[in-house]
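Here is a small set of exercises to work through with the model open beside you. Try each task on your own before reading the solution.

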Amino acid sequence: MRRRGGRKRAIGTRAPMTVAMAPNDRWSLFVSDQFTDGRRFRVLTVVDDCTRECLALVADTSLSGIRVARELDRLVIERGKPKMVVSDNGSELTSNAILTWADQSRVAWHYIAPGKPMQNAFIESLNGRLRDELLNETLFTSLAQARVALGCWQADYNDVRPHSQLGWKTPSEFAFACHPRRDLALRYAEGSAPAPVATTAQPGKSNCQSELRTG
């Protein structure tokens with residue numbers, strides 16, 4: 001009898017990961033299963049390892065590699081491209097669609113060692129809270145209900161809850177503080193350039209006082 005070989009696994013990046021120091025340095029992904037009224041649906045979770053923001057909670061009856069790649073494209077349009085993505089070795093995350101997306105997007109993809117969920121600690125922490133506070137406590141009767149509940153939980157997690165590792169700021173507050181250019185955009189909402197120091201002189205009139213103030 002011919003011995004059956006083991007399942008081939010995508011190699012990806014196996015080098016040690018650096019600490020995420022800025023938004024979009026590294027995203028973590030996980031796909032979990034949940035049951036509703038006797039039927040199974042799946043949830044794609046995406047988190048920013050630096051800001052701890054929950055970037056996506058996508059629920060559907062099936063989540064293929066093509067669907068995951070499409071959701072990543074949507075996130076890239078909304079907030080920019082990550083430098084690295086971390087995931088486990090699930091079939092949808094090791095598919096040709098994901099390998100092609102990572103290659104074309106020039107994003108480093110890091111696969112954790114099989115059976116080592118602690119190597120993906122950020123997403124495991126968020127998924128633990130999600131399961132304890134929502135998924136295990138709610139009997140979903142439809143996929144639409146699950147999507148609404150996940151959206152409310154995501155908004156509460158990002159915008160309301162302070163995080164001890166973020167100086168007791170919410171993930172949204174911490175992410176806003178990491179983007180100082182946003183302050184300039186709000187301060188000069190009428191235009192992209194800062195307001196002039198001196199007022200513009202009218203034709204035929206002197207502007208000596210403004211010239212003295214500004215040197």
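A salt bridge is counted when a side-chain nitrogen of Lys or Arg lies within 4 Å of a carboxyl oxygen of Asp or Glu. Keep in mind that this is a predicted model.

**Exercise 1. Salt bridges across the chain**

Task: Find out what joins Asp 25 to Lys 83, and where each of the two residues sits.

Solution:
- Step 1. Asp 25 and Lys 83 form a salt bridge, with their closest N and O atoms 3.4 Å apart.
- Step 2. Asp 25 belongs to the segment before strand 1, while Lys 83 is in the loop between helix 1 and strand 4 (84–87). The two are 58 residues apart, so this pair links distant parts of the chain.
- Step 3. Next, look at accessibility. Asp 25 has a relative accessible area of 16% and is buried, whereas Lys 83, with 60%, is exposed.

By the same rule, the count for the structure comes to 14 salt bridges.

**Exercise 2. Two further pairs**

Task: Which parts of the chain are tied together by the pair Arg 79 and Asp 48, and which by Glu 133 and Arg 161?

Solution:
- Step 1. The side chains of Arg 79 and Asp 48 meet in a salt bridge of 3.1 Å, N to O. Arg 79 lies in helix 1 and Asp 48 in strand 2, so the pair ties together parts 31 residues apart in sequence.
- Step 2. Asp 48 counts as buried at 0% relative accessibility, and Arg 79 as partly exposed at 24%.
- Step 3. Glu 133 forms a salt bridge with Arg 161, and here the closest N and O atoms are 2.4 Å apart. Because Glu 133 is in helix 3 and Arg 161 in the loop between helix 4 and helix 5, the pair ties together parts that are 28 residues apart in sequence.
- Step 4. Glu 133 is partly exposed, with a relative accessible area of 37%; Arg 161 also counts as partly exposed, at 21%.

To go a little further, trace the network of salt bridges that links Asp 60, Arg 67, Glu 71, Arg 74, Glu 78 and Arg 147.

**Exercise 3. The faces of helix 4**

Task: Check the length of helix 4, then work out how its buried residues are arranged around the axis.

Solution:
- Step 1. Helix 4 covers residues 143–159, which makes 17 residues. At 1.5 Å a residue the helix should span 24 Å, and its end C-alpha atoms are indeed 24 Å apart, so the two values agree.
- Step 2. The buried residues are Ala 146, Ala 149, Leu 150, Trp 153, Gln 154, Tyr 157 and Asn 158.
- Step 3. Viewed down the axis of helix 4, its buried residues fall within an arc of 155 degrees, so they line one face of the helix.
- Step 4. The face turned away from the buried side carries the exposed residues Val 148 and Cys 152.
- Step 5. The buried residues of helix 4 pack against strand 2 (39–48), strand 3 (54–60), helix 3 (121–135) and helix 5 (171–177).

**Exercise 4. Aromatic pairs**

Task: How many aromatic pairs does a search of the whole structure find? Look at two of them in detail.

Solution:
- Step 1. The search finds 4 aromatic pairs.
- Step 2. The ring centres of Trp 109 and Tyr 111 are 6.2 Å apart and their planes are at 35 degrees, so this pair is tilted. Both residues are buried, and together with Trp 101 they form one aromatic cluster.
- Step 3. Trp 153 and Tyr 157 form a stacked pair, with 5.2 Å centre to centre and 15 degrees between the planes. Both lie in helix 4, 4 residues apart, about one turn of the helix.
- Step 4. Trp 153 counts as buried at 7% relative accessibility, and Tyr 157 is buried with 5%.

**Exercise 5. A hairpin**

Task: Describe how strand 2 and strand 3 are joined.

Solution:
- Step 1. The two strands run antiparallel, and 6 bridges join strand 2 to strand 3.
- Step 2. They form a hairpin with 5 residues between them, and Arg 52 in the turn has a positive phi of about 65 degrees.
- Step 3. Val 46 stands opposite Ala 56 in strand 3.
- Step 4. In strand 3, 7 of the 7 residues are buried, so this strand is largely enclosed by the rest of the structure.

Methods. Residues numbered from 1 in each chain as written. Predicted model: local features only at pLDDT ≥ 70, side-chain atom pairs only at ≥ 80, totals over all residues. Heavy atoms only, no water. Expected span 1.5 Å × (residues − 1). Buried < 20%, exposed > 50% of the residue type's maximum accessible area, 1.4 Å probe, protein only. Arc of directions from axis to C-beta. Contact = heavy atoms within 4.5 Å. Pairing = 2+ DSSP bridges. Phe/Tyr/Trp six-rings, centres within 6.5 Å; stacked < 30°, edge-to-face > 60°.
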